[in-house]
There are 2 protein chains.
Amino acid sequence: LEKGPLLRDRYGLDIGLVGAADSRGAAYCEAGLDLAQVMRLKQSGDTVARYPDAGRLGWRAAEMVATCDADLLLEASPVNLNAGAEPGLTCVRTALRRGIHVVTPNKGPIVLAYRELHDLAAEQGVELRYDGAVAGGLPALYLVRRDLRGARIHRIEAVPNLVTGYVMDLLADGVAWEETLARAHQEGVLEEDPSWDLEGWDAAAKLVILVNSVLDARAGRQHLVQLEDVARTGITGLEPETLRSARAQGMRYRLLAKAECRADGSYRLSVLPEPLLPEHPLGRLGRKQMGVVFSTDIYGTIAAIIDEPDPMPSAASMLRDLLDIMA
Amino acid sequence: LEKGPLLRDRYGLDIGLVGAADSRGAAYCEAGLDLAQVMRLKQSGDTVARYPDAGRLGWRAAEMVATCDADLLLEASPVNLNAGAEPGLTCVRTALRRGIHVVTPNKGPIVLAYRELHDLAAEQGVELRYDGAVAGGLPALYLVRRDLRGARIHRIEAVPNLVTGYVMDLLADGVAWEETLARAHQEGVLEEDPSWDLEGWDAAAKLVILVNSVLDARAGRQHLVQLEDVARTGITGLEPETLRSARAQGMRYRLLAKAECRADGSYRLSVLPEPLLPEHPLGRLGRKQMGVVFSTDIYGTIAAIIDEPDPMPSAASMLRDLLDIMA
């Protein structure tokens, strides 16, 4: 709604929404849905299935994707690795099979079916983009795919997750674990299943996507990495005293996702809470900041950090992907 | 020489050098020059004009560009704004007119003839790239042109120059001005005319290129900015005592290039030495580091920092540009 005029003026793009789905149903209209109306329905806690005429209760997203006439799918269902990354994976797969571009910040389908989905997109001549899957609005994957081309990446260090830093900072402040988790829930930064973030699964999934983007940029069929390849330690075992004493020594704990290139070109992957000195490129990240550092052979060391005061930048990553495909 | 196999394997690119020029002459051979031989000549302090058979003493770069058969020109002559950005500008213009892509980290031609050169490239259907002109190996311009698309950029802050930070750090260490300049010369970080860096011209030129990249991404013919639009203060007037006392208070001086968006969409430009707190995204830059910060409406605030231990990353920016055009 806000960017419509800019997209028309700057890129000659007139984007119309023809379908929308949520967990209770979907709406589809070839002539287009009214964005303001869709937003009103969602903001009032209702479902798009109640969109006048076009909506149908119980109509599943994947069914709509299987029949709609559209150029591009924006897939943003919750990450769900336990349930085979559904419903996201089926929606993404269905769209690609039908020759529809896909933009998704959903880590699930990309982690579970990286090769299949990329092959499918290539076969169909459509694009699959998921820049928002790693470090929100930070263009981490674009840095790898475009700006670091021609380089060997010796090491990647990333703090790709907000909530773990938030939690560790509160604990270092002296706030108790229970109170800390309650506040994180309240702020909406913690998923319903807190172990996804706190046990480092989220950071590990993002690391896998990041490293596969590096590996995939190489020639030939590289052996891609998987979640199981990450030596993962979450933050739930941390003693608040450890965090407090690190702070007293001028250090800040962050859940660091790391990839170290081995001599054979493969990567050693780990996710581990670490005390960082202020001199570390990620050593002064605030509660709303994420970052990634690439150590390379020819481009020196490049660090990129994002400050996300609200969820907008993560959402905007989908606009970035869309523009990259369409404009 | 080092990246040849990687470029072939990864991108299917087999790059051959057909011509080379320096201030004393040029060499051209349609069948290709031997890179190792060219390098040996230069490293021994000799000229490419003495390349066996292919070299000619006194043959000017621009003349070679006017007659050679090539796909792409890598133009890396020294910045020379006083002399109309020559010989770079003529080489760039000649190449574009002849339908040859141009990659250059030379700020001169881009600052002086931005619109003319872009129009020429567009007419001829070739690419003009100069990512290395701003902050060395940091992909600052690519961030603007690709990753921040769809955004309004409220503010840009940049430390795009190494030598001024180096000089201010030495002064803060208590080293005298003369000794500081001697060391900077010795390290090769200072141009022959030190005023280019120390009076802020270099930072101003980089700011102009950065802001014009932002403005040019908008629809329609924007009013581009020029060097004269930058309120510029160099570092030569700084009292060492000021730098020392800032450091005692935990701050670090950097020559900050800043662009602030006005209500009408134009930018207020300045280059000014400023004491930065450690919390500032550019507040902890070391002597070999440069950085840029973009404050945007939808992508939050994105900071990118590069650590350049040697001149390789700045040189590699030309490879990045080349790959972006050819691969």
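Which side chain does the side chain of Ser213(A) make a polar contact with? I started my notebook with that one, keeping in mind that this is a predicted model.

**Entry 1: Ser213(A)**

I looked up the partner and found the side chain of Arg145(A), at 3.4 Å. Next I placed the serine in the fold: Ser213(A) sits in helix 10 of chain A, which covers residues 201-216. Is Ser213(A) buried or exposed? Its relative accessibility is 1%, so I noted Ser213(A) as buried, since buried means under 20%. I then listed what Ser213(A) touches, leaving out residues up to four places away in sequence: Tyr114(A), Tyr130(A), Leu141(A), Val144(A) and Arg145(A).

**Entry 2: the nonpolar core**

I turned to the largest nonpolar core, which holds 195 residues. Which of its residues touch the most other members? They are Leu210(A) and Leu210(B). I followed Leu210(A) and set aside its neighbours within four places in sequence. Its contacts are then Val134(A), Ala140(A), Leu141(A), Val144(A), Ile156(A), Ala158(A), Val292(A) and Phe294(A). Leu141(A) and Val144(A) were already in my notes, as residues that Ser213(A) touches.

**Entry 3: how the copies are related**

I laid chain B on chain A and read off a turn of 180 degrees, a shift of 0.0 Å along the axis and an RMSD of 0.0 Å. The two copies are thus related as by a two-fold rotation axis. Which C-alpha of chain B is nearest the axis? I found that of Ala304(B), 2.2 Å from the axis.

**Entry 4: the interface**

How many residues does each chain bring to the contact? I noted 43 from chain B and 43 from chain A. Of the interface residues of chain B, 100% are also interface residues in chain A, so the copies meet through the same surface. Together the chains bury about 3,600 Å² between them, with 51% of it on carbon and sulfur atoms.

For the polar side of the story, I counted 8 salt bridges between chain B and chain A. In one salt bridge the side chain of Asp297(A) meets that of Lys3(B), at 2.6 Å from N to O. I also noted 24 residue pairs in polar contact across the interface, both residues at pLDDT 80 or more.

Which elements give two or more residues to the side of chain B that touches chain A? My list for chain B reads helix 1 (4-11), helix 6 (140-147), strand 12 (301-307) and helix 12 (312-326). Helix 12 of chain B supplies the largest share of that side, 8 residues.

Methods
Residues are numbered from 1 along each chain as its sequence is written. Chains are lettered from A and ligands numbered from 1 in the order in which they are written. This is a predicted model: local features need pLDDT of at least 70, side-chain atom pairs count only at pLDDT 80 or more; totals for chains, interfaces and linings use all residues. Side-chain values use heavy atoms; hydrogens and water are left out. A nonpolar core is a set of buried Ala, Val, Leu, Ile, Met, Phe, Trp, Tyr and Cys residues joined through side-chain atoms within 4.5 Å. Buried means under 20% relative accessible area, exposed over 50%, partly exposed in between (1.4 Å probe, protein chains only). Contact means heavy atoms within 4.5 Å. Copies are superposed by least squares on the C-alpha atoms of residues with pLDDT of at least 70 in both. Helices (H or I, at least four residues) and strands (E, at least two) are DSSP runs, numbered from the N terminus. A polar contact is a pair of N or O atoms within 3.5 Å; within protein, one must be able to donate a hydrogen and the other to accept it, and residues adjacent in sequence count only if both atoms are side-chain atoms. Buried area is the accessible area (1.4 Å probe) that two parts lose on being put together, summed over both. A salt bridge is a side-chain nitrogen of Lys or Arg within 4 Å of a carboxyl oxygen of Asp or Glu.
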